[in-house]
Amino acid sequence: VNREFERITRTSRDQIIGRKILELFPEIESVGLLAVYRQVLETGTHHMLEFYYPSLDVWVAVRVYAVDEGLGVYFWDITEKRKAET
């Protein structure tokens, strides 16, 4: 958990570590992120997606890739980029 993830999700590292992702962010299932996590774990490939997370009112770009310990996941706040596109 890095500072950008803390900023985007408005949670601290201490609030996140050791908890289930769905417990903290239940909407990730509806935006397809869990399916991407599963696909990357099964195939060992990488994936990038963008989605809107309603409860945080933020657009996020996510890169997911396989690592020895499981998954590497990077989040970027792309809200301003999306606003500029409309």
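Phe-51 has Val-60 in β2 as its bridge partner, and the strands named here, like the helices, are DSSP runs numbered from the N terminus (strands E, at least two residues; helices H or I, at least four residues). The model is a predicted one, in which local features need pLDDT of at least 70 and side-chain atom pairs count only at pLDDT 80 or more, while totals for chains, interfaces and linings use all residues. Residues are numbered from 1 along each chain as its sequence is written, and side-chain values use heavy atoms, with hydrogens and water left out.

Further pairs can be followed along the two strands: Glu-50 stands opposite Ala-61 in β2, and Tyr-53 has Val-58 in β2 as its bridge partner. In total, 8 bridges join β1 to strand β2 (residues 58-67), and the two run antiparallel; strands count as paired if DSSP finds at least two bridges between them. The hairpin of β1 and β2 has 4 residues between the strands, and in this hairpin Asp-57 takes a positive phi near 50°. Most residues other than glycine have a negative phi. Asp-57 lies in the loop between β1 and β2 and counts as exposed because its relative accessibility is 52% (buried means under 20% relative accessible area, exposed over 50%, partly exposed in between, with a 1.4 Å probe and protein chains only).

On the other side of the pairing scheme, 8 bridges join β2 to β3, again in antiparallel fashion, and Val-62 has Phe-75 in β3 as its bridge partner. The hairpin that β2 and β3 form has 2 residues between the strands. Taken together, 3 strands form an open sheet in the order β1-β2-β3, with antiparallel pairing. Because β1 (46-53) and β3 stand at the edges, each with a single partner strand, one side of each is left without a neighbour in the sheet. From one strand to the next the twist averages 25° (axes are lines fitted to C-alpha atoms, for helices over the stretch in contact, and angles run from 0 to 180 degrees between N-to-C directions).

The sheet belongs to a chain whose secondary structure comes to 5 helices and 3 strands, arranged along the sequence in the pattern α-α-α-α-β-β-β-α. The radius of gyration of the protein chain is 13 Å, close to the 12 Å that the globule rule gives for 86 residues, so the chain is as compact as a globular protein of that length (the radius is taken over C-alpha atoms, and the rule is 2.2 Å times the number of residues to the power 0.38). Along the principal axes, the C-alpha atoms fill a box of roughly 35 × 30 × 20 Å, and 30% of the 86 residues count as buried.

In the helical part of the chain, Arg-10 lies in the loop between α1 (3-9) and α2, where it has a positive phi of about 60° although it is not a glycine. Arg-10 is exposed, with a relative accessible area of 57%. Lys-20, in the loop between α2 (13-16) and α3 (21-24), is likewise exposed, at 63%. The C-alpha atoms of Lys-20 and Tyr-52 are separated by 21 Å, with the two residues 32 apart along the chain.

The structure holds 8 salt bridges (a side-chain nitrogen of Lys or Arg within 4 Å of a carboxyl oxygen of Asp or Glu). In one of them, the side chains of Arg-7 and Glu-4 meet at 2.8 Å, N to O; both residues lie in helix α1, 3 residues apart, about one turn of the helix. Arg-7 also meets Asp-77 in a salt bridge, at 3.4 Å, N to O. This second pair links distant parts of the chain, since Asp-77 is in strand β3 and Arg-7 in helix α1, 70 residues apart. Arg-7 counts as partly exposed at 47% relative accessibility, as does Asp-77 at 29%.

Helix α5 (residues 79-85) holds both Glu-85 and Arg-82, 3 residues apart, and their side chains meet in a salt bridge of 4.0 Å, N to O. Glu-50, Lys-81, Arg-82 and Glu-85 are linked in a network of salt bridges.
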